[in-house]
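Good morning. Please have the model open on your screen while I talk.

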Amino acid sequence: MEAWYHADYPPEYHGRIIYTCPFCLYYFAKKREYEAHSERCEVRGPPGDEIYRDETLSMFEFDAKQQKVYTENLCYLAKLFLDHKNIWHEIDAFYFYVLCERRPDGYHMVGYFSKEKESLEFNLSCIMVLPNWQTKGYGKFLIDFSY
């Protein structure tokens, strides 16, 4: 999928194709590194608790403080499609909710939202649906789910 914006990946990834594992969200600069990872990666979905399930979708909730690497990788990925996404904000203060389509090989992320743990005023901090899934009503689903 083609990126819309620049993300602050480490310098060795700038101006390159970035290969991202759809399950653990680790990223690679070289296709063969990604392929080798894919063969041994045992992760098949986001971390946390599955808090929703229907015929095709699942929602996972996790505390960013307990899932720092996954959260940072998710934020890098989101920055590719959100112009004003701030990656360097204190992520420990957020809960993340990842929406996935279930397939035979695992849970494929289609979007997510985050919200501050201590905020009584706001129910959403950030929301994103990946471009390939933006016409399926997932954005509305995420907003509705956030309440």
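I will go through the sheet, then the helices, then the salt bridges.

First, what we are looking at: this is a predicted model, where local features need pLDDT of at least 70, side-chain atom pairs count only at pLDDT 80 or more, and totals for chains, interfaces and linings use all residues. Residues are numbered from 1 along each chain as its sequence is written, and side-chain values use heavy atoms, with hydrogens and water left out.

Some vocabulary. Helices (H or I, at least four residues) and strands (E, at least two) are DSSP runs, numbered from the N terminus. Two strands pair if DSSP finds at least two bridges between them.

Now the sheet. In what order do the five strands of the open sheet lie? The order is β3-β4-β5-β6-β7, and the pairing is antiparallel. At the edges are β3, residues 49-53, and β7, each of which pairs on one side only. From one strand to the next, the twist averages 25 degrees. For angles, axes are lines fitted to C-alpha atoms, for helices over the stretch in contact, and the angles run from 0 to 180 degrees between N-to-C directions.

Take β4, residues 57-63, which is joined to β5 by seven bridges. On its other pairing, four bridges join β4 to β3, and a hairpin connects β3 to β4 through three residues. You can follow individual partners across these strands. Arginine 53 stands opposite serine 58 in β4, and serine 58 in turn has cysteine 100 in β5 as a bridge partner. Glutamate 61 has tyrosine 97 of β5 as its bridge partner. As a general point, side chains in a regular strand alternate between the two faces of the sheet.

Is β4 mostly covered or mostly open? Mostly covered: six of its seven residues are buried. Buried means under 20% relative accessible area, exposed means over 50%, and partly exposed is in between, with a 1.4 Å probe and protein chains only.

Next, the helices. Helix α2 lies across β4, β5, β6 (106-116) and β7, and runs at about 75 degrees to β5. Contact, here and below, means heavy atoms within 4.5 Å. Asparagine 73 lies in α2 and is buried, at 7% relative accessible area. What does asparagine 73 touch, not counting residues up to four places away in sequence? The list is Cys24, Leu25, Tyr26 and Tyr27. The side chain of asparagine 73 also reaches the backbone oxygen of leucine 25 at 3.4 Å. That is a polar contact: a pair of N or O atoms within 3.5 Å, where, within protein, one must be able to donate a hydrogen and the other to accept it, and residues adjacent in sequence count only if both atoms are side-chain atoms.

In α3, the buried residues are Tyr138, Leu142 and Ser146. Seen down the helix axis, they fall within an arc of 80 degrees, so they line one face of α3. The arc is that of the directions from the helix axis to the C-beta atoms. These buried residues pack against β4, β5, β6 and β7.

Last, the salt bridges. Side chains of opposite charge can pair when their charged atoms come close. The cut-off used here is a side-chain nitrogen of Lys or Arg within 4 Å of a carboxyl oxygen of Asp or Glu. How many turn up in the whole structure? The search finds six, and I will show three.

Arginine 53, which we met opposite serine 58, forms a salt bridge with glutamate 50 at 3.0 Å, N to O. Arginine 53 is partly exposed at 46%, and glutamate 50 is partly exposed at 34%.

In the next pair, lysine 68 and aspartate 92 have their closest N and O atoms 2.7 Å apart. Lysine 68 is in helix α2 (68-79) and aspartate 92 is in the loop between α2 and β5 (94-103), so the pair ties together parts 24 residues apart in sequence. Lysine 68 is partly exposed at 37%, while aspartate 92 is buried at 18%.

The third pair is glutamate 101 and lysine 136, at 3.9 Å, N to O. Glutamate 101 is in β5 and lysine 136 is in the loop between β7 (126-129) and α3 (138-146), 35 residues apart. Glutamate 101 is buried at 12%, and lysine 136 is partly exposed at 49%. Together with Arg103, Glu101 and Lys136 are linked in a network of salt bridges.

That is where I stop.
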